[in-house]
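Subject: Structure handover

Hello,

Here is the structure I said I would pass on to you. Please open it first, then read the notes below with it on the screen.

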Amino acid sequence: MNKYQEQPHLLDPHLEWMMNSLLDIVRDQTAPASLVHLAFKFLYIITKVRGYKIFLRLFPHEVADMEPVLDLIANQNPKDHETWETRYMLLLWLSVTCLIPFDFCRLDGNLITQPGQTRLSVMDRILQIAESYLVVGDKARDGAAVLVARFITRPDVKHSKMAGFLDWSLCNLARSSFQNVEGVITMDGMLQALAQIFKHGKREDCLPYAATVLSCLDNCRLPESNQTLLRKLGVKLVQRLGLTFLKPKVAAWRYQRGCRSLAANLQLLTQGQSEQKQKPPLLTSDDNEDEDVPEGVESVIEQLLAGLKDKDTVVRWSAAKGIGRMAGRLPRVLADDVVGSVLDCFSFQETDRAWHGGCLALAELGRRGLLLPSRLADVVPVILKALTYDEKRGACSVGTNVRDAACYVCWAFARAYEPQELKPFVTTISSALLITTVFDRDINCRRAASAAFQENVGRQGLEVTVSAFCVFCSVFIAGFPEYTQPMIDHLVTMKTNHWDRVIRELAAKALHNLTQQAPVYCATRVFPMLLSMTLSSDLHTRHGSILACAEVAYALHRLAAQENRPITDHLDEQALQGLKQIHQQNLLTLFSFLFRGLGGELMRQAVCILIEKLSLSKMPFKGDPVIDGWQWLINDTLRSLHLISSHSRQQIKDAAVSALAALCSEYYVKEPGEADPAIQEALITQYLAELRNPEEMTRCGFSLALGALPRFLLKGRLQQVLTGLRAVTHTSPEDVSFAESRRDGLKAIAGICQTVGVKAGAPDEAVCRENVSQIYSALLGCMDDYTKDSRGDVGSWVRKAAMTSLMDLTLLLARSQPELIEAHTCERIMCCVAQQASEKIDGFRAHATSVFLTLLHFDSPPIPHVPHREELEKLFPRSSVASVNWSAASQAFPRITQLLGLPTYRYHVLLGLVVSVGGLTESTIRHSTQSLFEYMRGIQSDPQALGSFGGTLLQIFEDNLLKDRTELTFLTEKMCVPGLECSSSSHPFAVKLLALCKKEIKNSKDIHKLLSGISVCSRTHLWLGAPGPHRAHRSALAGFCGMVQFPGSVRKGALLQLCLLLGHRFPPIRKTTASQVYEMLLTYSDVVSADVLDEVVAVLSDTAWNAELAVVRAPRNRLCDLLGVPRPQLVPKPGAC
C-alpha cells in the first residue's frame, strides 16, 4: 500500500469493497481473534495511506452497529501492545456510529436488569471508553480524541456531559507535566480532545468555556516544552479558541480576485480580454468596523505570532494557518496590524525560524485574500530578501527552508492577485525566482522556485519568459534583457562571497558564461567592482572575487578574439593595473596570512587560476616584473605542497601546473617555436633539481610541471628531462614509499610524449627510435609496483598510471610511426595489461580491461605485433564488450580466464588470477575460483594442456617464492591442477611442489604462512573430479587427494615435514598440524598400515599439543616411528658449547 502514499486518491474506487471484505471477517462470530486483529490491521494500513477523514465515511453507522462496536471495544485489552490497530479502528468506527440521528436514551432500554444492579447507559459507556483511551500511550489515543469531539458535541450530550468532560480535561492538564512520559501522554490526549471539540462544536456551545480553557492553557506553559507535538497541539488549540471568540464570517474587506481557473485565465489572455475584466471592488471600510473584539483575541494572536518563531516547522506551519484564519474574522484595521506584526519577523535581528514562519504566514494571508494590494509594496522587498536568505552556522548554513517558503509565497501571490496588481513587482519577482531556479545551491529551492515561476507565467501572463523557463539554462535565460543584469548582479553580490567554496567557483564560471550577454556592462561596471572586492578583509570574498576576475577577463578576451581585437579594447589601463596588483598586493603586504595556513590554500588556488586565465587572455604583461612574481608563486606552491591539507592538495597542484603551462606558452616564447635560452636553462635546471627533493609532494608537483611545459621549452633538453623523470619513476630503497611521485612521473612522461610528438632522428626534440625503448622500459618497469603502506595498495596508483601512459604512447606511435613498436615490446605491454585485468581490485581491473581492449580494437591503424590478435578478437568481439561491466567480478572473470588458452598470455593471466583467488572480497574469490575451475574442466581431457598449465603454475610459484603478495595464495588452497595421476611415486609436479613448499616455509616465523604450509603438505588440492565452487574452504576434502597420495619419496617427504611441524616451537602450529594429520589419515587410509593406524590416531588425539615443547617431543618421535620417517634431530646453534 505504500506505493499509493504520493497519490492516495487512486484508492478511492476500491475503498468500499476492501472495507466490506474486512468487516465481514470482523462481524463473523466464528472468526478467531487473531484473524479479527489481522483484519483490523489491514484496515489501519488503508487508513494510514488514505487518511482517516476519508475512510470514516465508509464505516457502517446504523443504530444496529452501536452495541456490537461497544462490545468489541469493551472486550479489548488496552495494555496489549500487539493489537493497538484493532482498538484504534474500533474507536474511529464508534466515532462515526455516534452520529446516528437518535437520542442515546432510546438505546438504553431498561437499565435495571436485576434488583440492586444498574447497567450503564450507552452515553456513559461511550464517555467512559473515550476517557480511558485518552490517556493510553499508543495510537488509540488519537482515535479517542476523534470520538470525544463527535460525541460531546451531539445535541443530546453537550448539555449533560460537555461541562463535566471539559472540567475533567482541564484538571488532567493542570495536574500533568511535560517533564515526564506519563504527563506528556496525558497532556497530548487532553489537548487533542479539546482541539477537536472546539473545532467541531458550535460556537455558542463552546464560547462559555473558551476563556477558562485559554487560561488553563496559559498556565501549562507549553512553549517551554521540548515536545514538538505538545507545542503543535497547543498552537492548534489556541487558534481554535481564538476562532471561538470571533464570530464566523467572511471579511467584506478581503481581496477577491474573481477568476481562479488557470485555463480560464490563459484563455482570457489569448483573447486579449484581461484588460476588459472588471476590477473587483475593494471596500475601504468594514460594515462591522466598530464591533468590539473580545479580550482573549489579543492573547491568542500574540501566542500565534510567537508560534511563528518556534524551533519546529510543524509548529510554525500550524501558527501560520492560525494567523490566516484569525485575520479573516478581524476588522480591516486590526488585520492590517497583524500583517505588520508578521512583517516584524523579517528583521535581520531575528533567526531563520522567524523568517520561515513569517513567509508561511504571508503565504496564508495572501492565499486567503487578507493581504491587500496596498501592502505589496512592503511585502515584496521582504520576500526578495528571503529568496536569498543564507546564513553560515559552523560548517554548514541555515536558510534553505526560508528560501523554500519564500518561493511558496511567490506561488501563492501568483494565484491570489490580478496581473495588474502585481505588475509593478512582476519583473523583480520573476528575476529573483529565475535566479533562485538557476543558482540556488539546494535542489529543493530550485524546484520550488521553478514551480513558483511557472505559476507566475500562467497566472500573471509572463509570455516572453515561457521559453526561457522551459530551457532552464542560465545562459539562455540571460539572453532576455530583463534578466541579464539581475543575474550578473546576483552572482557578484551574493555568490562570489558565498561561504561555500564550490558555490564561489561555480559563480565564477557562471560569470564567464554570462559575460558574452553583457560584455560592456561586465567590463565597465562588474569588473571594477570585482577588483575592489579582491582587497576585502573577508577571505571568502577575496577568493571568490579573484576567481571571478579571472573568468570575466578570459571571457572578454574570447569575445575580443572573435573580432580579432586585443583584450585592451574591453579593459582599460586602470583595469590592467588592478589585475597586476591582485598578485602584488596579496604577495607583498598580506603574505603572512594569505599564502599560509587554511587561507593560503584558497588564495594559492585562486591566484594560480588568475595567472592561467590572464595568460590565456594574452594580457600585455610580457617583460613586466609581475611575470617573475607569478613564476615565483607557482614554484613556491609546487614546493610547498606537503604543507597543504590532503583534501585540497590535488586541486592546488593541478591549478599551479595549468598556470605554469599557460604562463610559459604566452610569456617565455622568444620567437615562434623558440624559447628564451636563459629562461629555458634556469627553469629546466631548477625543476630537474627539485625532482631529487626529499619531500614526495615536491617531486610530484615538479614532475607534473615538467610534463606540462610547452614544446619549445623542451626542445634540445628532452633527453635530460626524460632522464630526470625516469629517475623519479625508479623504485629505490630510500624512496620505496613515494608511490605518488612515481605516478606523477609517469603522467609527466606521457604528457611530454604527447607534447613533443614523434620525429625521426631527433632524440632531444621528439620521440624517436633512439629514445623510445628507454621510455617503454621506464613505463613497463612500473607495472610491477606493488608497494603497500597504511593506505593500502598504493602501488596500484603507479600501475594504473603506467597502463594509461603505455596506451597513450602506443597509440601515438601507431598513428605516426608504427614501425617503432617492436614485437617484444608490444607482447610485454599486452601481457602486463592482461595480468592487471585479472587481479582483485574491481575498479583497477575495469581500467586495465579498458586499456587492453583499446589497444586490441584500435584500427587507425591497428597496433602491430599484438599476440594472438585473431583469437583475441573472437574472445572479445567489439559488439559485446561494450555492454560488459568489467568492474563486476561475475562478468569479468569468466571472460578474462579465456586468455589462459593462449600460451603468450597464460603466465601473466594465471599470476593475476592467483592474486584474485587469494583475495579478501568474497565475490572476487568466488567468481575468480569458479572461472578458473571452468577453464580446468575444459582441459581435463587434454594431457598436454594439463601439463602446460601445471608447469606454468609451478613456475609462478618458483618465481614468487618468499614474496608476501603471492606466497599465502599458493600455500593455501590454490594448487589446483586437474587430472594428475596419483599412482606415480615420482610425479614431477608433486616432487617440485613439495620442494617449493619446503623452501617457502623454511625458517619462517609467520604463523599464517606455516598454517598454510600444513594445509598444502597434508591435503594439497589435486583435482581429480569436478569440484564445486566452494573448493576454497579448507575443510572441503571430499573429492580431492592430498600430496600423501603419491607413494614413495613424495609421501615420505610430506610426512617428514608434518612431523617437523609437530615439534614446532609455536603451540598453535603443533595443534593445527595434529588436527590436519588426523583428518588426512581418516581420509586416506592407505597412508599407514591398519595395524598401527589406531595407535597413530590415539597419539594424535590424546596428546596435548599446546603443552611445553619438551612434553610433546616424545609422542612426536613415536609418531615418526609409526609413520616410518626418521626422527628429527636437534641441531646445536652455532657457537653453543
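Of the 1137 residues in the protein chain, 54% are buried. Please keep in mind that this is a predicted model. The chain has 53 helices and 8 strands. Among contacts between residues at least 6 apart in sequence, 71% join residues that are at least 24 apart.

I looked at two pairs of helices. The first pair is α9, residues 181-200, and α11, residues 228-245. Their axes lie 9 Å apart, and the helices pack at an angle of about 25 degrees. Angles under 35 degrees count as roughly parallel, and that makes α9 roughly parallel to α11. The crossing of these two helices is left-handed.

On the α9 side, the residues that meet α11 are V184, M187, D188, L191, Q192, L194, A195, F198 and K199. On the α11 side they are L229, L230, L233, G234, K236, L237, R240, L241 and T244. Sorted by class, the contact of α9 with α11 has 11 nonpolar, 3 polar and 4 charged residues.

One residue to look at in this contact is L237, which sits in α11. L237 is buried, with a relative accessible area of 0%. Leaving out residues up to four places away in sequence, L237 touches L191, L194, A195, F198, V213 and L217. L237 and A193 are 44 residues apart in sequence, but their C-alpha atoms are 9.5 Å apart in space.

C206 is in helix α10, residues 203-220. Is C206 buried or exposed? C206 counts as buried, because its relative accessibility is 2% and the cut-off for buried is under 20%. Apart from neighbours within four places in sequence, C206 is in contact with I197, F198, G201 and T244. F198 and T244 also appear in the contact between α9 and α11. C206 and T153 are 53 residues apart in sequence and 9.2 Å apart in space, C-alpha to C-alpha.

R221 lies in the loop between α10 and α11. Phi of R221 is near 55 degrees, which is a positive value in a residue other than glycine. R221 counts as partly exposed, with a relative accessibility of 48%.

The second pair of helices is α35, residues 718-729, and α36, residues 739-756. The axes of α35 and α36 come within 8 Å and cross at roughly 155 degrees. An angle over 145 degrees counts as roughly antiparallel, and α35 and α36 are therefore roughly antiparallel to each other. The crossing of α35 and α36 is left-handed.

From α35, the contact is made by L718, V721, L722, L725, R726, V728 and T729. From α36, it is made by S741, R742, G745, L746, A748, I749, I752 and V756. These residues divide into 10 nonpolar, 3 polar and 2 charged.

Next, the cysteines. A disulfide is a covalent bond between the sulfur atoms of two cysteines. How many disulfides does a search of the whole structure find? The search finds 0. Take C410 as an example: the closest cysteine sulfur to its own is in C407, 6.3 Å away, which is too far for a bond. For this test the two sulfur atoms have to be within 2.5 Å. C410 is buried, with a relative accessible area of 5%. C753 also counts as buried, at 2% relative accessibility.

S431 lies in helix α19, residues 419-439. S431 counts as buried, at 6% relative accessibility. Not counting residues up to four places away in sequence, S431 touches E482, Y483 and P486.

Last, some backbone details. Most residues other than glycine have a negative phi, and most peptide bonds are trans. K618, in the loop between α29 (597-616) and α30 (625-639), has a positive phi, near 55 degrees. The peptide bond from S860 to P861 is cis, with omega near -5 degrees. P861 is found in the loop between α40 (842-857) and α41 (869-875).

Best wishes

Methods: Residues numbered from 1 in each chain as written. Predicted model: local features only at pLDDT ≥ 70, side-chain atom pairs only at ≥ 80, totals over all residues. Heavy atoms only, no water. Axes fitted to C-alpha atoms, helices over the stretch in contact; angles between N-to-C directions. Helix = DSSP H or I, 4+ residues; strand = E, 2+ residues; numbered from the N terminus. Parallel < 35°, antiparallel > 145°, perpendicular 65-115°, else oblique. Left-handed = near helix turned anticlockwise from the far one by under 90°. Contact = heavy atoms within 4.5 Å. Nonpolar A, V, L, I, M, F, W, Y, C, P; charged D, E, K, R; others polar. Buried < 20%, exposed > 50% of the residue type's maximum accessible area, 1.4 Å probe, protein only.
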